[in-house]
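Here is a short briefing on one structure. Look at the ligand site before the rest.

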Amino acid sequence: MNDNKNNRIYLTGFMGSGKSTVAPILANALGFTFVDMDCEIENLTGKKISEIFSDLSEEYFREVESSVLQEVSHRDRSVISLGGGTIANESNLQIIKSTGVLIYLKTSAEQIYHRLKRKTDRPLVRSKIGVTLNEEQLRNRISVLLSKREQFYNQADVIVITDDQRIGLTVDEIVQNLKNLIR
Ligand code: S3P
């Protein structure tokens, strides 16, 4: 493994912050490989993320997530799109901070609400029996989770606000910040 932290870029942020959209474009701009944590977990388990939550448990999902993180943290020249909750755990945070540069795509609760309200593939924003939450329940779920996680997201080396910002501009902002960090 190349120990240089600039060799690995991690993208964090709440569900709907645009990590999976930004990461492949950023990887392409840097000549790095794109890695998506949720895809890695689905490939490893042969199940969709929503099935892991419904058929097994969130606890099981978090165990697999941590072991996949261990494995991807050794991959060189990679842009790694984390799951929205990967970082909300001290030992995962420690792995991420010690092996790469961490970028937080910061999105307001209001924008997250609008981006997630029609999504059906995020088990954490559906009720236990798989029913879509109503507006008040969804807003509440987002605000509770976001306030628990902000302390972890804020440990990022770079914070980029994504509200109302085009993807191309977000990528440019990250590349510029990386240049300043590496210099
Ligand atoms: C989760 C976010 C999801 C996925 C899982 C749990 C979370 O990833 O890992 O549903 O805890 O916020 P995205 O952030 O890519 O949606």
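The points below cover the ligand site, the salt bridges and one helix.

This is a predicted model. The ligand takes up the space of the largest pocket. The protein buries 96% of the 390 Å² that the ligand exposes when taken alone.

**Ligand shell**
- The ligand has 13 residues around it. Those that come nearest are Lys19, Asp38, Arg62, Arg122 and Arg149.
- By class, five residues of the shell are nonpolar, three are polar and five are charged.

**Polar contacts to the ligand**
- Arg122 places a polar side-chain atom 2.5 Å from a ligand oxygen atom.
- For Arg149, an N or O atom of the side chain is 2.7 Å from an oxygen atom of the ligand.
- Asp38 also takes part: a polar atom of its side chain lies 2.8 Å from an oxygen atom of the ligand.

**Helix α2**
- Helix α2 spans residues 37-45, and Asp36 caps its N-terminal end.
- In this cap, a side-chain oxygen of Asp36 lies 3.1 Å from the backbone nitrogen of Asp38. Asp38 is also one of the residues that come nearest to the ligand.
- Gly46 follows just after α2 and takes a positive phi of about 70°.

**Salt bridges**
- The structure has 10 salt bridges.
- One of them pairs Arg8 with Asp76. Their closest N and O atoms are 2.8 Å apart.
- This pair links distant parts of the chain, with the two positions 68 residues apart in numbering. Arg8 belongs to strand β1 (residues 8-12). Asp76 sits in the loop between α4 (58-72) and β3 (78-81).

Definitions and conventions
Residues numbered from 1 in each chain as written. Predicted model: local features only at pLDDT ≥ 70, side-chain atom pairs only at ≥ 80, totals over all residues. Heavy atoms only, no water. Near = heavy atom within 4 Å. Polar contact = N/O pair within 3.5 Å; in protein donor to acceptor, adjacent residues only side chain to side chain. Areas by Shrake-Rupley, 256 points an atom, 1.4 Å probe, with all protein chains shown as cover. 1 Å grid on protein atoms, 1.4 Å probe; cavity = no way out; pocket = protein on both sides within 12 Å on 5 of 7 lines; lining within 4 Å. Sits in = over half its atoms within 2 Å of the grid points. Nonpolar A, V, L, I, M, F, W, Y, C, P; charged D, E, K, R; others polar. Salt bridge = Lys/Arg side-chain N within 4 Å of Asp/Glu carboxyl O. Helix = DSSP H or I, 4+ residues; strand = E, 2+ residues; numbered from the N terminus.
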